[in-house]
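Dear colleague,

I am handing over the structure I have been going through, and below it you will find what turned up. Please keep it open beside this message while you read.

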Amino acid sequence: MPPASSPGSQVARFTTLDRAQRVRFRRAVALMVMTVLVPGSAQLVAGNRRVGRIAMRVWLGLIATGLLSVVISYFSHGFAFWAISNTWVLGLVRIVLMALAVGWALLFMDAWRLGQPLGLQRQHRLAVVGVNGVLCFSVVAALLFGAHMAGVQRNFMITMFGDGDVVGAHDGRFNVLLLGGDAGAGRWGLRPDSLTVASIDARTGKTVLVGLPRNMANFPFAEGSVMAEQFPKGFDCDDCYLNGVSTWAGDHTDLFKGSRTPGVDATVMAVEGITGLEINYWSMVNLAGFRSLVDAVGGVTLTVRDRIPVGLPSDDFYRFIEPGTRKLDGMDTLWFARARDGSDDYSRMARQKCVMNAMLQQISPQDALRNFSKIAAASSQMISTNVPKSEVDRFLDLAIKAKSQKIGTVSLVPPKVVTADPDIDVVHAMVADAIDRAEGETPTPATEDVAAAPAEGGAGTKAPAATPTATPPVTGGSLGSLKEGYAANQADDLGSVC
């Protein structure tokens, strides 16, 4: 009969077993943590070393690629903009992230196996399963979300932008026609509600907004264009206005063979004839979809100088935006830009420019990243454009440069321009002068007035003492009036008059 074990030896044996269990538990957890920090390291230590070496090389290669991309992007924003706008790169990133998610999940499963969970105590086994599940789910979910974002951006680029011809800058500037119109059954963009040319310096991003009134009449078309052949004396038919050019072209599509957008093409011909600028590209903005974009970025802060009606008196939601500096949501921002009740078209044009300035200045890269999915969805519904995908990185770079600069404006409206019968030579001079001032080639009118002041009293005459200026008038929510002109329609610094 074997001798009975002493109580002391049994306690020692249980203590040894418990210590071994704790060591195995810590080892199992350590293998999973190693998989999080350096994929493949667990296999290199306790499993298939070949698999571990491959995983670690892939991981180190991705880290090196990421760091190199960050460094290049820091010194060259153009590289970053190219990467997020190139559909081939985005597709590759999406596939790589999905493959990483699958591969990393397999490494977690193998690390769990290497930890020998079946040999652990029940509570330790449950803890290992829980830790493995949390770590695996967190890493894989992050990678799949990144793949989803890359796919969203890629689809956005494909849906939004085309594969048209790249058009070089004209006289060092890109001229982009921005058209705003209502969406509706059979009438998307047929009668643009607003027309603005953004003339952008191809090097500095310095921008001048040229506003064209929708009710302009008797204007010429670009020389040699289809519309110029149809209207050699200008658009002088009855009830023919600038915003009706697209409708006329839509009724005569046979003149625009091969064109998918005859209405826009005809409008471009009109804008080129009026302004003397060559248009590079155009963008059509659905004003109803604009509301969704503003909501996607969390609203826009605007200075409301007078009560602005939201809706029409017949609408059940009719109300007013009260004066003050306010952060407006999409609906209120849309009506701030569009309201005509108690106002006029030219005041509305001024308010629209203030909205453009606010959107450019206030939407930061952080806001864009945080609300990326919403912005992409809203933009896809809101904008139609012929800007090629290959040019998106260029315009993103110019937009960043424009944020730090003053935006100039010139609008072809009363009192300087008679919209019913405009003097095109005067119009061309106004546009050219505004661009020259933006480029610093001519003094601003204010500078000219100051320089000329002493001449009135002769040499050496002191300028009269400055007197307090009266509060500028506000009409229709915009600084100025129809008779005197609205400040936001004619300014070298749009931000200062909004």
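Once residues up to four places away in sequence are set aside, Gly263 touches Ser246 and Ala249. Please bear in mind as you look at these contacts that the model is a predicted one. Gly263 belongs to helix α9, and it counts as buried because its relative accessibility is 12%, while the cut-off for buried is under 20%. Thr253 is 10 residues from Gly263 in sequence, and the two C-alpha atoms are 8.5 Å apart in space.

Helix α9 also matters for the next point, the nonpolar cores. The largest nonpolar core has 40 residues, and those with the most contacts inside it include Phe219, Phe221, Met227 and Val245. Among the elements that give two or more residues to this core are the strands β1 (173–181) and β2 (194–201) and the helices α8 (245–250) and α9 (262–275), and the largest share, 7 residues, comes from α9. If neighbours within four places in sequence are left aside, Val245 is in contact with several residues, among them Phe219, Phe235, Ala266 and Ala270. There is also a second, separate core of 27 residues, which includes Phe156, Met157, Val176 and Tyr346.

Further along the chain, 3 strands form an open sheet with antiparallel pairing, in the order β11-β12-β13. Its edge strands, each pairing on one side only, are β11 (474–475) and β13 (485–486). Strand β12 (residues 478–481) runs antiparallel to β11 and is joined to it by 2 bridges, with Thr475 standing opposite Ser478 in β12.

With best wishes

Terms used: Residues numbered from 1 in each chain as written. Predicted model: local features only at pLDDT ≥ 70, side-chain atom pairs only at ≥ 80, totals over all residues. Heavy atoms only, no water. Pairing = 2+ DSSP bridges. Helix = DSSP H or I, 4+ residues; strand = E, 2+ residues; numbered from the N terminus. Core = buried A, V, L, I, M, F, W, Y, C linked by side-chain atoms within 4.5 Å. Buried < 20%, exposed > 50% of the residue type's maximum accessible area, 1.4 Å probe, protein only. Contact = heavy atoms within 4.5 Å.
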